[in-house]
Amino acid sequence: MSAKSTFGLIIGNRGFFPDHLAKSGREEMIQVLNSAGIEVVVLGPEQSKHGAVETHEEAKRCAALLRAASDRIDGVIVSLPNFGDERAIADTLRLTRLNVPVLIQATPDTPSKMGIAHRRDSFCGKMSACNNLKQYEIPYSLTTLHTVSPNSEEFKKDLEWFAGVCRIVKGLKNLRIGAIGARPAAFNTVRYSEKLLEASGISVETLDLSEVLGRISRMKDTDEAAVRKLKSIEKYVTTSGIPQQALLKMAKLGAVVDDWMKVADVQISAVQCWTSLEENLGVVPCTVMSMMSDSLLSSACEVDVCGVLGMHVLQLASGTPSALLDWNNNYGSDPDKAVCFHCSNLPKHFFKDVQMDFQAIIAGTVGKENTFGTCVGRVKSGPMTFARFSTDDLAGKIRGYVGGGRFTDDPLETFGGAGVVEIPNMQKLLHYICENGFEHHVAANFSTVAPMVYEAATNYLGWEMYRHGA
């Protein structure tokens with residue numbers, strides 16, 4: 001698990017099925033969850049028969065218990081050691097008002113124990129429970145196998161997947177994104193709807209770039225925050241050959257952004273990376289942004305708010321840093337390979353090796369001396385998940401795509417931060433991107449979390465998603 005989770009646990013029971021299965025099933029599930037480092041909120045045997053729910057009174061009792069712990073519950077597991085009472089389960093979830101992901105687990109029967117004393121029928125009971133949750137309009141998730149033993153390897157994988165879904169849903173609740181500056185004039189592609197994001201509980205806080213530049217101009221070279229940030233920069237990346245004055249400007253920029261994010265209570269950011277900062281401050285913000293992303297405070301360039309949303313979702317799922325990349329070049333004649341590139345603010349986590357340099361593209365416009373601060377190097381090899389979200393203003397919805405592939409060790413001679421990515425059936429993905437008008441930016445993460453992202457986005461956030469390779 002990437003972070004410790006707390007789950008509510010509802011044990012289903014039905015009187016004319018063996019009660020001892022509810023008792024042993026509860027104990028087994030608690031042990032499995034605790035062994036996975038998960039804290040459990042569940043009725044005790046002194047609060048209901050075997051700590052399960054069957055009657056409406058028990059449903060109310062269980063709901064009150066879970067509701068009292070609502071500030072720390074990330075998700076709920078409904079466990080069916082026998083058929084279970086489907087109405088009591090649905091009533092419990094309705095009364096909790098938790099609005100968190102729900103996983104339905106049913107324990108399999110043993111062929112040699114199909115007599116009245118040991119028969120579970122949870123195979124059938126799971127269908128009834130799901131039927132009632134549909135009637136109650138309560139979204140829920142399913143285990144990979146219809147019935148699965150709590151102590152099996154299959155359920156362990158289901159649990160890891162579900163914990164990731166819960167992290168995404170919880171991490172997007174009341175999310176505040178900082179938009180620092182205006183989008184570059186040439187980039188209509190990063191337009192987005194604040195109102196559609198707000199409808200999903202995601203707020204955008206804006207900061208005019210003139211305010212950033214003004215605060216930097218008033219900051220002394222000896223300012224404690226600037227000195228502290230300068231030391232962090234020099235520790236973070238090789239700065240050989242970079243003018244000290246440029247490093248100090250980056251440090252002041254980083255100190256100002258850090259302070260604003262703390263005061264504004266924003267968790268992630270999208271920054272106007274060119275060309276105002278280069279012309280008016282004399283550096284690029286790439287290293288400052290790279291450091292934020294590497295610290296799990298995702299930061300996207302070109303004020304791509306939906307791009308940083310994708311970065312954040314992948315980071316929530318995996319617990320590791322994300323990057324924003326361009327789908328940038330073909331790789332020779334291989335239809336399943338491409339070059340992903342930025343110029344760059346990739347987190348250090350992405351590189352084989354990295355050093356600070358000047359920004360080769362913008363230097364031709366504003367001069368090399370005004371473009372120090374990029375993080376350049378080759379992206380390391382490994383499995384990757386990619387994701388993109390976009391606000392479709394005309395249709396009034398948030399949509400996106402997600403899938404998996406890998407960064408390769410294929411040779412590549414270029415500047416900036418770049419890597420070769422291989423994605424099965426990539427031409428289908430590229431057609432989908434172009435046919436549906438998605439942006440050229442994509443969030444990437446060294447992980448295999450596409451199933452988590454898809455489940456969270458479609459089932460619990462109500463976003464329209466395409467899952468490539470599914």
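This passage walks through a parallel sheet and its helices, two cavities, two buried threonines and a strand with two antiparallel partners in a predicted model.

We may begin with the sheet. Four strands make up an open sheet with parallel pairing, and their order across it is β7-β6-β8-β9. The edges are taken by β7 (203–207) and β9 (299–301); each has a single partner strand, so one side of each is left without a neighbour in the sheet. On average, and with direction ignored, neighbouring strands of this sheet are turned by 20° against each other. Within the sheet, strand β6 (residues 176–180) runs parallel to strand β8 (residues 268–271), and four bridges join the two. Along this pair, I180 is found opposite V271 of β8.

Two helices pack on the sheet. Helix α9 (residues 244–264) touches β6, β7 and β8, and its direction makes about 140° with that of β6. Helix α11 (residues 286–294) touches β8 and β9, with its direction at about 145° to that of β9.

The cavities come next. Rolling a probe the size of a water molecule over the atoms reveals where empty space remains. Across the whole structure, the search returns two cavities of 30 Å³ or more. The largest cavity has a volume of about 90 Å³. Its lining is made of 14 residues, of which C273, C286, C301, C343 and Q359 are the closest to its centre. By residue class, the lining of this largest cavity comprises eight nonpolar, four polar and two charged residues.

The second largest cavity holds about 30 Å³ of space. Around it stand L253, V257, V271, P285, V288, M289 and M292, and the lining divides into seven nonpolar, no polar and no charged residues. Both helices described above take part: α9 and α11 are the elements that give two or more residues to this lining. Helix α11 gives the most, with three residues. V271, the residue opposite I180, is also one of the residues lining this second largest cavity.

Two threonines offer a closer look at local surroundings. T374 lies in strand β13 (residues 372–378), and its relative accessibility is 0%, so T374 counts as buried. Neighbours within four places in sequence aside, T374 is in contact with V284, C286, T287, C343, S344, Q355, M356, D357, F358 and Q359. Among these contacts, C286, C343 and Q359 also belong to the residues closest to the centre of the largest cavity. C343 is 31 residues from T374 in sequence, yet their C-alpha atoms are 6.8 Å apart in space.

T147, by contrast, sits in the loop between β5 (141–142) and α5 (153–172). Is T147 buried or exposed? With a relative accessibility of 19%, T147 counts as buried, because the cut-off is under 20%. Beyond its neighbours within four places in sequence, T147 is in contact with A106, T107, P108 and F123.

Finally, strand β14 (residues 382–392) is mostly covered, with 10 of its 11 residues buried. Strand β15 (residues 397–407) runs antiparallel to β14 and is joined to it by 11 bridges; S390 has R399 of β15 as its bridge partner. The hairpin of β14 and β15 has four residues between the strands, and G396 takes a positive phi near 70° there. Strand β17 (residues 441–445) is likewise antiparallel to β14, here with three bridges, and A387 has A443 of β17 as its bridge partner.

Terms used. Residues numbered from 1 in each chain as written. Predicted model: local features only at pLDDT ≥ 70, side-chain atom pairs only at ≥ 80, totals over all residues. Heavy atoms only, no water. Pairing = 2+ DSSP bridges. Axes fitted to C-alpha atoms, helices over the stretch in contact; angles between N-to-C directions. Contact = heavy atoms within 4.5 Å. 1 Å grid on protein atoms, 1.4 Å probe; cavity = no way out; pocket = protein on both sides within 12 Å on 5 of 7 lines; lining within 4 Å. Points joined across faces, edges and corners; volume = space filled by probe spheres on them. Nonpolar A, V, L, I, M, F, W, Y, C, P; charged D, E, K, R; others polar. Buried < 20%, exposed > 50% of the residue type's maximum accessible area, 1.4 Å probe, protein only.
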